[in-house]
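Here are some notes to read beside the structure, written as numbered points. Please keep the view open and find each residue as it comes up.

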Amino acid sequence: LINLGGGSGQVAGNIHHTGGELYLNGGSLEATGNYYHGTENADGTFSYSSGTVRMEKTSDRLQIGGNLYVCPNGSSYWKLTAGQIEIGGSLYGYGSYTVNASGSHKIIFTGTEDLEISSGSSGTLNLANVEIRNADSRAIKMKGRIYFNTSLSVDGNSLEIVPEKLN
């Protein structure tokens with residue numbers, strides 16, 4: 001268990017979260033590289049992580065300079081009910097159930113490179129209060145089962161996706 005308990009931490013580079021719990025508990029964690037929830041194999045596939053992430057307080061902050069790769073096993077989870085994750089890159093989900101965000105939790109995509117939000121071939125991303133910044137300078141690709149439980153805004157403008165009109 002890593003309990004930030006209102007404190008903060010910085011990682012110069014990538015985070016490899018393969019087990020245990022990260023509980024922000026009012027604290028903040030910043031990584032300049034990617035956050036790997038699971039292990040990337042040599043062939044580009046991922047092995048599952050038994051680790052969990054809990055963000056339950058409005059002051060919880062997780063800042064990722066690169067991409068977020070989420071690959072939980074059946075017993076791990078991302079419990080995101082409050083706080084904020086900033087992602088400088090893309091979000092990739094692997095496995096059958098990857099992220100479940102609700103309440104006031106917010107994910108902000110802050111990068112300037114092309115953005116991909118993908119649940120993988122069998123995963124599900126349940127996201128809440130998503131904000132995409134710098135959209136006019138990059139392509140945005142969404143792939144798989146992605147649900148926006150509350151809101152999606154692009155450069156401060158609401159975006160309504162009407163499934164009946166998609167082909």
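1. How many bridges join strand 3 to strand 6? Bear in mind that the model is a predicted one. In this model strand 3 and strand 6, the latter made of residues 35–37, are joined by 3 bridges and run parallel. A residue pair to look for here is His 17, which stands opposite His 37 in strand 6.

2. These two strands belong to an open sheet of 6 strands, whose order is 3-6-11-14-17-20 and whose pairing is parallel. Strand 3 (15–17) and strand 20 (140–143) stand at the edges of the sheet, and because each has a single partner strand, one side of each is left without a neighbour in the sheet. From one strand to the next, the twist averages 10 degrees.

3. Further along the order, strand 14 (residues 91–93) is joined to strand 17 by 2 bridges, and these strands run parallel. Strand 17 also pairs with strand 20, in the parallel sense and over 4 bridges. Ile 117 is a good residue on which to follow both pairings: Leu 91 stands opposite Ile 117 in strand 17, while in strand 20 the bridge partner of Ile 117 is Met 142.

4. Is strand 17 covered on one face or on both? In strand 17 (residues 115–118) both faces are covered, with Leu 115 and Ile 117 buried on one side and Glu 116 and Ser 118 buried on the other.

5. Now consider the aromatic rings. A pair of such rings is described by the distance of the centres and the angle of the planes. Searching the whole structure gives 3 aromatic pairs. One of them is formed by Tyr 36 and Tyr 69, which are stacked at 4.9 Å centre to centre with 5 degrees between the planes. This pair links distant parts of the chain, since Tyr 36 lies in strand 6 and Tyr 69 in strand 11 (residues 68–70), 33 residues apart.

6. Why does Tyr 69 count as buried? Its relative accessible area is 13%, and a residue is called buried when that value is under 20%. Tyr 69 also forms a stacked aromatic pair with Tyr 92, at 5.2 Å centre to centre and with 15 degrees between the planes. Here too the pair links distant parts of the chain, with Tyr 69 in strand 11 and Tyr 92 in strand 14, 23 residues apart.

7. Taken together, ring pairs link Tyr 36, Tyr 69 and Tyr 92 into a cluster. Tyr 36 counts as buried at 8% relative accessibility, and Tyr 92 counts as buried at 18% relative accessibility. A ring elsewhere has another kind of partner, for the charged end of Arg 54 sits over the ring of Tyr 23, 3.8 Å from its centre.

8. Where is Asn 25 placed? Asn 25 is in the loop between strand 4 (21–23) and strand 5 (28–31), and although it is not a glycine, it has a positive phi of about 45 degrees. Asn 25 has a relative accessible area of 15%, so it is buried. Leaving aside residues up to four places away in sequence, Asn 25 touches Asn 3, Gly 5, Gly 6, Lys 57 and Asp 60. With two of these residues there are polar contacts between side chains: the side chain of Asn 25 makes one with the side chain of Asn 3 at 3.0 Å and another with the side chain of Lys 57 at 2.6 Å.

9. It is useful to look next at Asn 134, which is in the loop between strand 19 (130–132) and strand 20. Its phi is near 60 degrees, a positive value in a residue other than glycine. Is Asn 134 buried or partly exposed? Asn 134 is partly exposed, with a relative accessible area of 29%, whereas Asn 25, at 15%, is buried.

How values were computed:
Residues are numbered from 1 along each chain as its sequence is written. This is a predicted model: local features need pLDDT of at least 70, side-chain atom pairs count only at pLDDT 80 or more; totals for chains, interfaces and linings use all residues. Side-chain values use heavy atoms; hydrogens and water are left out. Two strands pair if DSSP finds at least two bridges between them. Axes are lines fitted to C-alpha atoms, for helices over the stretch in contact, and angles run from 0 to 180 degrees between N-to-C directions. Buried means under 20% relative accessible area, exposed over 50%, partly exposed in between (1.4 Å probe, protein chains only). A polar contact is a pair of N or O atoms within 3.5 Å; within protein, one must be able to donate a hydrogen and the other to accept it, and residues adjacent in sequence count only if both atoms are side-chain atoms. Contact means heavy atoms within 4.5 Å. Rings of Phe, Tyr and Trp (its six-membered ring) pair if their centres lie within 6.5 Å; planes under 30 degrees apart count as stacked, over 60 as edge-to-face and the rest as tilted. A charge sits over a ring if NZ of Lys or CZ of Arg is within 6 Å of the ring centre and within 35 degrees of the ring normal.
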